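Got your viewer open? Let's take a walk through this model, one selection after another.

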Amino acid sequence: MKKRGFVLTAGAIVGLSLLAGSLAAGGVESPQAALNMEFEGLIDRYLEEVRGVGASSAPRDLSAESFERVTETKRRLLAELRGIDRDTLTFDQYIDHRFLESILASAVLEEENVQRWRQDPRVYLNNRAVAYKVIVDPSPIEVRAEGLISDLQMLRTRLENGKANLNQYIARWVELSDAFIDGFLVVLENDLPKFAERVGDADLRQRLLAENNRAIAALGNFSEHINSDLSEMPVGDYRIGAEVFNGLMETRYMFPEDNIHLRRIARGMPGFTRFPAYREWGLKQFEIVKHHLEVKAARIDPDRTWLEILRDEKEDHFFAEQLVFKHLEAARASRDWVIDNDLVTIPWDDDDSIMQAADPSLWMSQWWGWGPGVPAGQTEFRKSAWTIIPVNPEWPDQQAEGNLTEKDAMFMYAIATHEVYPGHHLQRLYANEIPRRLRQYESSYSNQSWCYYIEWELTPDPQYGWFPADKQDIYALETLRLKLWRFDRVIIDSGIHASDMSYDDALELEMSGVGFVEEGSRINMDGIVSRIGSTMAAPTLGYFQWMLLREDYFQKMRELNQRGTLKDFHDRVYRIGFMPVVLVREAMFHELEQQFGQAISN
């Protein structure tokens, strides 16, 4: 596209932004129009064949052939999708068509160019499924026992396939795999036999215990393999290259390459959504947030730096024995906070999110935990458990203290609204009620971006009173530090995947730049490098898209002679679903046009 040499006024910028959002659907109209059933059937097949929704087939064995079959299935579905005439779709189908295309196209790009299953032994460890059935599954004992037998049999098959597939050695991933295996063995050697005692059918109990013994032996054999044979393989790295990185930015996240409106609100240079400019933008934003930290800290105590202020506060942390219950209180309090401030509609009275300690398989490889878990598509119950990593009894005292300082009250208050209400837990409850099945089971980076918006805009706002009044300033300082953390992800994710940034350089930025203790910094890094490039960085940019959409929503409502409210904006986002923000924007403005019956004039 040619660039034209003209100057836009502020009013023209907003007007054009609204116009683009309203007209992008290009003639697709009428919510009463008949559904294209070919497209509906393709969504159903995608959910079954790729996501396993409603499928009765056995779980994937993670052989090399199974990975190729999945990629080929996505190629085939993508070709079919692109063969459907978008002019035959209803508006909602049109939005979902583009959403599914972004999912499939980016998945094929990723799977053709990056094969983590050749590098990461953790791919083959289904510890979570087993731990869930042993520890918390509410299903009948016999049903759980049969499921465990199948899981443990599949574990052995996957471990054998892992030994055949892994052909690159990454020392840190082997170290983390050993930690997973150690924790997994705690469950199998201690918890599962106790569970088996509760199984009334003697034959079923013996089959379960026999399969458990075989699984324990297989895990030991796998650990020996990755620590000996695998160490002789070529050394792998985390890089995917700038071309793949930028391809994912374009296809998976649908980021505009040079959108003037996004550039304006995010203070970005031309082309800043693509590497290498993306990394430079992250560095710029990192310095902007750091400056705000310094200014705010000077008002609190001019004799201490922001990091000194926060570290001193974190020394007053919870005892290990208080950790789970304190966070349970915060999880439940976040729901009352949303209702008291009328931030978003919570239409249910049977929803709840509590706190629970993670199982031992996660103790050594995670630092915080989190992640409420109502299953996608589940409407029968709306309760979840927000997991937190307890103090590992094998940690040295210094490491245990460091962990507790990073799960202190400041961090808890800053992150609770992100994780529970109105964050991830409420997002999932709404998603499960969306009539469009694709949006029930799929979300995107915007899911996390929205929680950044909650965490940085709503949580610290004194008018809503989430922070204790006597801690408002210092807890808001912690929120700014967490914002700094998310910008270091832009720097690290792009630098380590698309350029020549080293793991050690990235680790130093986490420690000295953001202030995490060493073990927490390492686990932060593990999260970035274990995922495909741009996964961890993309939500940071998405936050600016939500801020722009919020701004333009109020302008649009005024244009339609309506009074916009923050709650109405929030409710509309939750009802539409967490697709790439460009699609949410189009859906919202189309909805407003349909509801209030006033077209934008050219």
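Which residue forms a salt bridge with Arg-82? Select Arg-82 and look for Glu-101: the closest N and O atoms of this salt bridge are 2.8 Å apart. Arg-82 belongs to helix α3 (residues 64-82) and Glu-101 to helix α4 (residues 91-113), so the pair ties together parts that are 19 residues apart in sequence. Keep in mind as you go that you're looking at a predicted model.

**Next stop: Glu-40 and Arg-436**

Pick Glu-40 and Arg-436 together. They form a salt bridge too, with 2.8 Å between the closest N and O atoms. Glu-40 sits in helix α2 (residues 37-49), while Arg-436 is in the loop between α16 (424-431) and α17 (437-441), so this pair ties together parts that are 396 residues apart in sequence. Are these two buried or exposed? Both Glu-40 and Arg-436 are buried.

**Over to Lys-471**

Now select Lys-471 and Glu-313, another salt bridge, whose closest N and O atoms are 2.8 Å apart. Distant parts of the chain are linked here: Lys-471 lies in the loop between α18 (445-458) and α19 (472-498), Glu-313 lies in helix α12 (residues 306-314), and the two are 158 residues apart. Lys-471 is partly exposed, with a relative accessible area of 24%. Glu-313, at 17%, is buried because the cut-off for that is under 20%.

Want to see a whole network? Select Glu-40, Asp-92, Asp-96, Arg-436 and Arg-439, which are joined into one by salt bridges that share partners. Across the whole structure, a search finds 47 salt bridges.

**A negative patch**

Head to the surface and select Asp-500, Asp-504, Asp-505 and Glu-508: together they form a negative surface patch. Zoom in on Asp-505, which is found in helix α20 (residues 503-514). Asp-505 counts as partly exposed, with 49% relative accessibility.

**Last stop: helix α24**

Select residues 581-596 to bring up helix α24. How far apart are its end C-alpha atoms? They are 22 Å apart, which agrees with the 22 Å that its 16 residues should span at 1.5 Å a residue. Colour the buried residues of α24 next; among them are Val-581, Leu-583, Val-584, Met-588, Phe-589 and Leu-592. Charged side chains turn up on the buried list as well, including Arg-585, Glu-586 and Glu-593. Finally, click on Gly-597, just after α24, where phi is positive at about 60 degrees.

Key: Residues are numbered from 1 along each chain as its sequence is written. This is a predicted model: local features need pLDDT of at least 70, side-chain atom pairs count only at pLDDT 80 or more; totals for chains, interfaces and linings use all residues. Side-chain values use heavy atoms; hydrogens and water are left out. Patches are made of residues with over 30% relative accessible area and no salt bridge: like charges are joined within 9 Å, nonpolar side chains (Val, Leu, Ile, Met, Phe, Trp, Tyr) within 5 Å. Accessible areas come from the Shrake-Rupley method with a 1.4 Å probe; for residues, only the protein chains shown count as cover. A salt bridge is a side-chain nitrogen of Lys or Arg within 4 Å of a carboxyl oxygen of Asp or Glu. Lys and Arg count as positive and Asp and Glu as negative; His and the chain ends are not counted. The place of a charge is taken as NZ of Lys, CZ of Arg, CG of Asp or CD of Glu. Helices (H or I, at least four residues) and strands (E, at least two) are DSSP runs, numbered from the N terminus. Buried means under 20% relative accessible area, exposed over 50%, partly exposed in between (1.4 Å probe, protein chains only). The expected span of a helix is 1.5 Å times one less than its number of residues.
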